[in-house]
Amino acid sequence: MEKLLCHTEDKKYASMLHNQTYEAANMCIQCGYCLPVCPTFQTMGKESHSPRGRINLVKVAAEGKIDVRTDLASSIDLCLGCRSCEVACPVNVPYGKIYESAKEVMATQRVDERLAEGKRGNTFQNAVLLHLFPHKKRLRLVGNALWFYQKTGVNKLVQKIGVINKLSESMGQFEKTLPQIESPFKRYKFGKIYPAKRRKKMSVAFFPGCIMDAVMSRMNRLTIELLQHVGCEVVIPKQQNCCGALHAHQGLMGEARELARANIEAFESTGAVYVINNAGGCGAMLREYDQLFKDDSEMLERARSFVKRSRDISEVLGELGPLPFKKEINKIVTYQDSCHLRNVQGVSKEPREILRSIPGITYVEMERSSDCCGSGGIYNLLHFDESMEIVDHKMKNVSNTKAKVIVSSNPGCLLQMRLGVERSNLANDTEVLHLVELLADACAIQ
């Protein structure tokens with residue numbers, strides 16, 4: 001009887017997977033164009049860790065021939081979700097949809113199994129996603145605590161003793177790469193309108209994100225000021241919250257949908273021409289909000305309107321510029337694509353064009369600059385060793401550029417590349433900056 005019950009449960013998850021992914025998975029012709037661009041296939045060398053291998057496993061699991069948890073989970077969990085394969089695919093297989101649907105089914109199965117064992121359904125990881133990231137005030141408290149931690153010098157003592165490394169090597173490594181957190185007294189305010197500093201060209205709304213708002217608020221402040229300098233009135237809606245990307249990547253699609261709904265409602269009332277973000281991962285999620293509401297016709301139209309207005313900061317600065325540059329940056333600069341900015345949002349030329357416009361810089365294009373750095377949201381925390389192998393491979397191409405400044409447009413990429421610089425012994429003479437930091441420096445904005 002117990003064996004029959006287990007088999008029935010297995011069929012339940014296979015059926016869920018079949019309903020959500022089977023048609024899309026059947027689009028894959030197994031041609032292999034995705035193999036050269038997949039970071040995990042390049043470093044692990046296994047077919048099961050390639051896009052076509054994962055798609056085939058999803059298809060077989062959907063047919064009930066293998067178990068979702070025991071046979072599919074490890075392969076899907078080791079995927080970065082960078083979606084480089086979508087750009088390379090000649091038949092437009094929607095890998096992102098297949099990947100996130102598989103994650104959702106796997107998450108459902110894990111929760112059901114924990115509940116069946118008499119355990120709480122939410123893991124610590126999910127509890128953080130549910131009870132921390134959707135709450136701006138809680139995240140800002142974390143950011144303020146980290147500022148105090150750095151300001152008092154406690155971080156140097158902790159690093160010297162190696163306390164965090166003993167608890168978690170990955171957390172210890174990334175703690176050292178955190179940017180200098182700006183004083184809480186300099187934070188921008190939700191619900192405020194920041195006027196244009198030149199002739200007003202348009203009203204825009206800004207999406208600060210959650211990690212960016214909590215620990216990289218200086219980059220957000222600089223983003224707002226750059227927009228003001230090109231003639232934008234900048235609105236920061238009070239009721240906005242986390243974009244939901246991390247939730248979607250962990251299979252918590254219901255929670256991602258509710259966060260999306262709240263954001264759409266918050267930005268609708270602004271009347272802004274564009275909804276602007278400066279984080280590739282967040283922006284990718286914002287541009288796919290319509291994918292979350294395919295079964296809700298009323299919200300679908302509102303989501304589509306929101307998606308049409310979503311823009312990366314580089315797109316808007318390029319459209320409304322030129323920027324008021326006041327100094328030369330006499331350094332060699334290279335650019336590391338944010339996977340989600342390039343592969344999902346389709347933005348790659350705009351950041352490069354703006355970089356080349358900065359007085360004094362020598363721009364050098366990195367070989368395979370679009371290759372994933374191994375960050376992948378919280379992938380580098382969950383799969384530290386695998387992500388380090390990917391970034392170490394990436395740093396060989398960085399080193400060949402002789403660049404003194406590495407620029408990217410996503411918080412996860414920034415931290416990952418900083419750790420890559422540390423691991424490659426380049427930290428003494430190589431900076432890793434967000435695009436807006438370099439632009440602000442050239443405009444003499446502090």
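These legends describe three close-up views of a predicted model.

**View 1. The second largest pocket and its lining.**
The volume of this second largest pocket is about 630 Å³. Its lining is made of 21 residues, and those closest to the pocket centre are Lys97, Ser101, Met253, Gln291 and Leu292. Three helices, α1 (2–25), α6 (95–116) and α15 (253–268), each supply at least two lining residues. The largest share comes from α6, with five residues. Sorted by class, the lining of the second largest pocket holds 11 charged residues, five polar residues and five nonpolar residues.

**View 2. Strand β6 and its partners, β7 and β8.**
Strand β6 covers residues 332–335, and strand β7 covers residues 362–363. The two strands run parallel and are joined by two bridges. In one pairing, Val333 has Tyr363 of β7 as its bridge partner. Strand β8, residues 405–408, also pairs with β6 in the parallel sense, here over three bridges. Thr334 stands opposite Ile406 of β8. In a regular strand, side chains alternate between the two faces of the sheet.

**View 3. Helices α18 and α20 where they pack.**
Helix α18 spans residues 313–320, and helix α20 spans residues 349–357. Their axes lie 8 Å apart, and the packing angle is about 55°. Angles from 65 to 115 degrees count as roughly perpendicular and those under 35 as roughly parallel. The α18 and α20 pair is therefore oblique. The crossing of α18 past α20 is left-handed.

Technical notes: Residues numbered from 1 in each chain as written. Predicted model: local features only at pLDDT ≥ 70, side-chain atom pairs only at ≥ 80, totals over all residues. Heavy atoms only, no water. 1 Å grid on protein atoms, 1.4 Å probe; cavity = no way out; pocket = protein on both sides within 12 Å on 5 of 7 lines; lining within 4 Å. Points joined across faces, edges and corners; volume = space filled by probe spheres on them. Helix = DSSP H or I, 4+ residues; strand = E, 2+ residues; numbered from the N terminus. Nonpolar A, V, L, I, M, F, W, Y, C, P; charged D, E, K, R; others polar. Pairing = 2+ DSSP bridges. Axes fitted to C-alpha atoms, helices over the stretch in contact; angles between N-to-C directions. Parallel < 35°, antiparallel > 145°, perpendicular 65-115°, else oblique. Left-handed = near helix turned anticlockwise from the far one by under 90°.
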